[in-house]
Amino acid sequence: MRRLLLPLLALAVGAFPALPAAPAVVEGKWAAESGGRTVPFRARVPAGEGKRPTVLISHGLGGSLDAMEYLGRHWAEKGYLVVHLQHPGSDSSIWLGMALDREGAMKRATSVEEFTARVGDVRLALERIRRTPGLAERHDPEGVAVCDHSYGARTSMALSGERFPAAPDAELRDARVRAAIVLSPPPYSGPERFKAIGIPQFHWTGTRDTTPIEESQDPALRLAPFRESRNPSSYLVVLDGADHMAFSGRLPSSSARRESYRRWHAARAEATTRVLDATLRSDRQAKAWLDGDGLRSVLGQRDLVERRP
């Protein structure tokens, strides 16, 4: 009997396909050659061989490498090289400074100097990825996207071509970036700011998308960066009931609210992957999904969708 069972067990095990290898996680720091700025990173390297399109993730004010982990994991599992960045000066280290001097710490973290330094961090990352063992051989420099949340969304908007009155002479656009995923974009308006943006963008916000430092502002103001720009192949989703932290990855304490967050996270992961596929991989089926009923199918009935072909 035992001799009969062993072949049967072997056949049973062989009947199930092997699970795909999980993305490898690589952490380190990149130091700028001038200015003394050091940028921590966490890279998620997809299984397999060959160069892959790359997505750089930038956290919001007071964030860290843990920001938007739900997106980073999903994209890496779908075959993208994903690099989370941590921006010194506007990362989680500011909370200690805010306990001592809230106004001063906030002013420093949101200064023009810090904002432009964040753009420099992304540029530094794009240079160093090409020279970092384990990443260089997997990075496709012709397929780069950025994803940012809240204050970080200013970074992706700048890299996309937005002009900033506070830094009128700064050339912040980076031609290496081919697409941007903009979560909770800053509530700024003015068509002149956005007219130079020429790459596809995917904007996400919610009907309750305000922050503690913007409590008096109307969440609808976050629609302006999409509606006042003209870049093609771009999309806007407004999630009914979603607040500011529904995009960062941190889950609330309320069980009912956590369920909503998880549902929004799943929809966002699915939809943003299609945008990456369409823009970085020239996937026509992904583009048809976005322009057809696919995007609508992963959202709630009261969520808003706007498209710009």
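Start by selecting Arg42 and, opposite this residue in strand 4, His84. Strands here are DSSP E runs of at least two residues and helices are H or I runs of at least four, both numbered from the N terminus. The model is a predicted one, where local features need pLDDT of at least 70 and side-chain atom pairs count only at pLDDT 80 or more, while totals for chains, interfaces and linings use all residues. Residues are numbered from 1 along each chain as its sequence is written, and side-chain values use heavy atoms, with hydrogens and water left out.

Now widen the selection to strand 2 (residues 38-45) and strand 4 (residues 81-85), which run antiparallel and are joined by 4 bridges. Strands count as paired if DSSP finds at least two bridges between them. Phe41 has Leu85 in strand 4 as its bridge partner. Is strand 2 buried or exposed? Of its 8 residues, 7 are buried, so the rest of the structure largely encloses the strand. (Buried is under 20% relative accessible area, exposed over 50%, partly exposed in between, with a 1.4 Å probe and protein chains only.)

Add strand 1, which runs antiparallel to strand 2 through 8 bridges. Ala31 pairs with Thr38 of strand 2 as its bridge partner. The two strands make a hairpin with 6 residues between them, and Gly35 in the turn has a positive phi of about 95°.

Zoom out to the whole sheet. Its 9 strands are open and mixed in pairing, in the order 1-2-4-3-5-6-7-8-9. Strand 1 (24-31) and strand 9 (304-308) stand at the edges with a single partner strand each, so one side of each has no neighbour in the sheet. From one strand to the next, the twist averages 20°.

Next, show helix 8. This helix lies across strand 3 (52-58), strand 5 (139-149), strand 6 (177-183), strand 7 (201-208) and strand 8 (234-243), at about 175° to strand 8. Helix 9 (residues 284-291) also packs on the sheet, touching strand 7, strand 8 and strand 9, with its direction at about 50° to that of strand 8. Contact means heavy atoms within 4.5 Å; axes are lines fitted to C-alpha atoms, for helices over the stretch in contact, and angles run from 0 to 180 degrees between N-to-C directions.

Stay on helix 8 (residues 255-280) and pick Tyr261 and Trp264, 3 residues apart, about one turn of the helix. Tyr261 is buried at 3% relative accessible area, and Trp264 is buried at 4%.

Then colour the largest nonpolar core, which has 38 residues; Trp75, Cys147, Leu183, Phe202, Trp204 and Leu295 have the most contacts inside it. (A nonpolar core is a set of buried Ala, Val, Leu, Ile, Met, Phe, Trp, Tyr and Cys residues joined through side-chain atoms within 4.5 Å.) Which element gives the largest share of this core? Helix 8 does, with 9 residues. A second, separate core has 32 residues, including Ala43, Val122, Leu126 and Ile199.

Last stop: charges over rings. The charged end of Arg281 sits over the ring of Tyr80, 4.0 Å from its centre. Arg308 lies over the face of Phe226, 4.3 Å from the ring centre. The criterion is NZ of Lys or CZ of Arg within 6 Å of the ring centre and within 35 degrees of the ring normal.
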